[in-house]
Amino acid sequence: MKIKRTLGERIFNVFNYTYMLFLSLICILPLVHVLAISLSNKAVVDAGRVTLIPIGFNLESYKYILTKPEFIRAFTITLKRLALGISINMLLTIMTAYPLSKEVKAFKHRTFIVWYFIITMLFGGGLIPFYMTVKATKLMDTVWALVIPGAVPIYNVVLMLNFFRSLPKELEESAMIDGAGHWTILWKIYVPVSTAGIATITLFTAVGHWNAWFDGLILMNKPENYPLQSYLQTVILGLTTMLGTTSIAEDWKVLQVISDRTVKSSQIFLGALPIILVYPFLQRYFIKGIVLGSVKQ
Amino acid sequence: MEDSKSIIKNRIEKKKGRISQAPLYIMVLPAIIIVFIYSYIPMAGIVIAFQDFIPAKGLFGKQTWVGFQNFVFLFQLPNSFRIFWNTIYIAVMKIISGLTFPVIIALLLNELRHKWYKRTVQTLIYLPNFLSWVIFAGILVDILSPGTGIINKMLEFAGIKPIYFLGNPKWFPYTMVITDVWKNFGFSTIVYLAAITNIDPTIYEAAYIDGANKWKQTIHVTLPGMKAIIVLVATLSLSNILNAGFEQIFNMYSPQVYETGDIIDTFVYRMGLINARYGLATAVGTLKSVVSCILISVSYYLAYKFADYRIF
């Protein structure tokens with residue numbers, strides 16, 4: 001069917017294409033601006049001349065950050081958190097979702113157990129009792145505090161459960177006839193055919209652990225135990241200035257090209273970098289994931 | 001033929017009956033224990049709200065009970081009403097703009113005829129959602145700064161006096177709403193776009209043949225096609241009326257803007273973890289949890305009734 005375009009439609013199209021371009025730029029340019037500042041000379045930054053292209057290009061801010069022991073330490077803790085957090089989250093998500101995807105006939109207390117989990121989505125004890133509980137279980141100041149309390153992400157369990165349910169029943173039935181038990185069915189049949197769903201949830205979990213900062217802030221008493229985003233929270237948005245006291249910064253040559261602002265900008269960019277790198281691969285999956293999780297008929 | 005089918009069916013049923021359910025219980029057990037410790041014990045920890053809580057004595061130690069004293073004290077605080085009002089005011093503005101703006105963007109995106117252009121726009125507008133609030137707030141603090149920020153530089157260029165977006169109590173709530181929409185509008189459009197693509201294209205053809213132009217098609221075909229999902233999102237967002245966005249505000253507010261920017265969650269954080277007034281902070285948190293729980297239940301019920309939505 002060929003549609004003839006009227007003048008009004010053509011004007012609308014010009015407006016629409018421009019407006020969408022504007023919106024896209026508004027989402028991406030702030031990041032480009034911050035990158036440009038981080039790569040520029042201090043004097044030019046202070047004069048407010050840097051917009052989108054670095055002026056007086058130098059990598060001193062990045063050199064300064066990447067040799068800072070605090071940054072390296074926080075980054076290492078985040079890597080530990082990612083490794084532990086993703087494996088624990090995924091193991092428990094899969095193991096919890098499988099039984100709950102069964103009918104009541106095959107799993108007697110299913111309904112009760114589902115409600116047991118759902119209630120925690122509706123009602124919680126709030127910040128202080130949660131903090132006291134973590135303290136009472138002696139996890140404070142360890143990486144486990146960032147991993148164990150959130151080990152069972154109920155929302156992901158629900159996603160996974162729906163995914164398992166959409167698998168054809170015959171898969172399970174034929175395996176049973178061949179004498180497979182539940183463990184075998186889960187790991188040898190369900191998991192291999194659910195890679196799309198598992199990949200989506202793994203990516204969400206990874207992004208979640210990378211971006212988390214508040215739990216690190218409250219559950220770590222010593223700043224040297226902060227994961228990266230919590231550390232960045234204190235140095236980018238906190239009151240502490242980064243320069244001046246450290247011995248590396250005493251090198252006056254370095255101080256001529258870097259300032260608090262260029263250093264902050266480079267940390268912002270480094271904190272966003274892994275997301276920017278995995279994002280193109282992630283995007284393919286998350287649209288499906290979101291739609292799967294929210295629109296159900 | 002019928003016979004052999006029913007024989008197989010019988011055999012499967014038998015097999016199913018014989019296969020032990022025990023492994024299923026063992027599988028959920030770790031999750032049950034962890035959720036018990038970190039979700040149910042904190043719920044019980046709400047008793048702190050009725051105590052003069054001393055941390056050294058432990059969560060379930062011998063504390064002094066004070067009844068509703070913490071709650072009474074709370075309502076006597078001069079700023080308790082203000083905090084409650086700020087929370088609702090910011091949250092409602094966020095809900096309304098966070099609902100209408102993505103719908104409009106989805107409609108406009110749908111009109112883009114070049115696939116590559118549409119996909120590029122989508123990729124770029126989804127991105128901010130994946131940055132943590134620490135990173136996004138870091139960017140905003142820099143570009144909104146009255147002295148050095150690029151936004152104020154642009155305003156200056158246009159002849160407008162610099163605005164202290166994050167330090168002026170008058171501007172702060174609106175800055176929060178706009179920056180929240182900025183970070184999230186792209187991502188929220190996903191479900192609306194999905195709804196639009198689900199509309200049967202023959203309806204558009206029929207409308208076109210009946211003489212409906214683009215605008216009329218939008219009003220009479222697209223919007224009605226999206227109605228269900230819009231109603232659903234609107235209903236479910238009701239449960240967020242006491243969540244004005246802790247992560248965002250915590251990272252951008254300062255004592256200068258407490259007057260209009262302090263919300264329940266930031267107040268609980270300061271009272272509880274900074275000033276160590278555990279009983280009082282838990283009392284506030286408990287009130288919030290109870291109201292939220294009621295709102296969530298109501299909104300899920302409404303969503304179930306009007307949009308046939310179920311969580312699982």
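Where is the place of A:K138 in chain A? Here are a few points on this predicted model, beginning with that residue.

1. A:K138 has its place in the loop of chain A between α6 (127-136) and α7 (154-165). Its phi is near 60 degrees, a positive value in a residue other than glycine. Most residues other than glycine have a negative phi, so a backbone check here may be worth your glance. With a relative accessibility of 69%, A:K138 counts as exposed, because the cut-off for that class is over 50%.

2. A:D141 is found in that loop as well, between α6 and α7 of chain A. Here too phi is positive in a residue other than glycine, with a value near 65 degrees. The setting of the side chain is another matter: A:D141 has a relative accessible area of 19% and is therefore buried, since buried means under 20%. If you look at the two loop residues together, A:K138 is exposed, whereas A:D141 is buried.

3. Now to the helix pair between the chains. Helix α1 of chain A (residues 7-38) packs with helix α5 of chain B (residues 115-126) at an angle of about 30 degrees, and their axes lie 8 Å apart. Because angles under 35 degrees count as roughly parallel, α1(A) is roughly parallel to α5(B). The contact is built by A:Y17, A:M20, A:L21, A:L23, A:S24, A:C27 and A:I28 on the α1(A) side, and by B:Y117, B:V121, B:L124 and B:I125 on the α5(B) side. By class, these residues of the contact divide into ten nonpolar, one polar and no charged. As for handedness, α1(A) passes α5(B) in a left-handed crossing.

4. B:E111 sits in the loop between α4 (80-110) and α5 of chain B. Is B:E111 buried or exposed? At 14% relative accessibility, it counts as buried. Leaving aside residues up to four places away in sequence, B:E111 touches A:F12, A:N13 and A:N16, along with B:K214.

5. Helix α7 of chain B (residues 150-157) is another element to view beside α1 of chain A. The buried residues of α7(B) are B:I150, B:N152 and B:L155. They pack against α1 of chain A together with α6 (133-144) of chain B. Just after α7(B) comes B:G159, which takes a positive phi of about 85 degrees.

Note on methods: Residues are numbered from 1 along each chain as its sequence is written. Chains are lettered from A and ligands numbered from 1 in the order in which they are written. This is a predicted model: local features need pLDDT of at least 70, side-chain atom pairs count only at pLDDT 80 or more; totals for chains, interfaces and linings use all residues. Side-chain values use heavy atoms; hydrogens and water are left out. Axes are lines fitted to C-alpha atoms, for helices over the stretch in contact, and angles run from 0 to 180 degrees between N-to-C directions. Helices (H or I, at least four residues) and strands (E, at least two) are DSSP runs, numbered from the N terminus. Angles under 35 degrees count as roughly parallel, over 145 as roughly antiparallel, 65 to 115 as roughly perpendicular and the rest as oblique. A crossing is left-handed if the near helix is turned anticlockwise from the far one by less than a right angle, and right-handed if clockwise. Contact means heavy atoms within 4.5 Å. Ala, Val, Leu, Ile, Met, Phe, Trp, Tyr, Cys and Pro count as nonpolar, Asp, Glu, Lys and Arg as charged, and the others, Gly among them, as polar. Buried means under 20% relative accessible area, exposed over 50%, partly exposed in between (1.4 Å probe, protein chains only).
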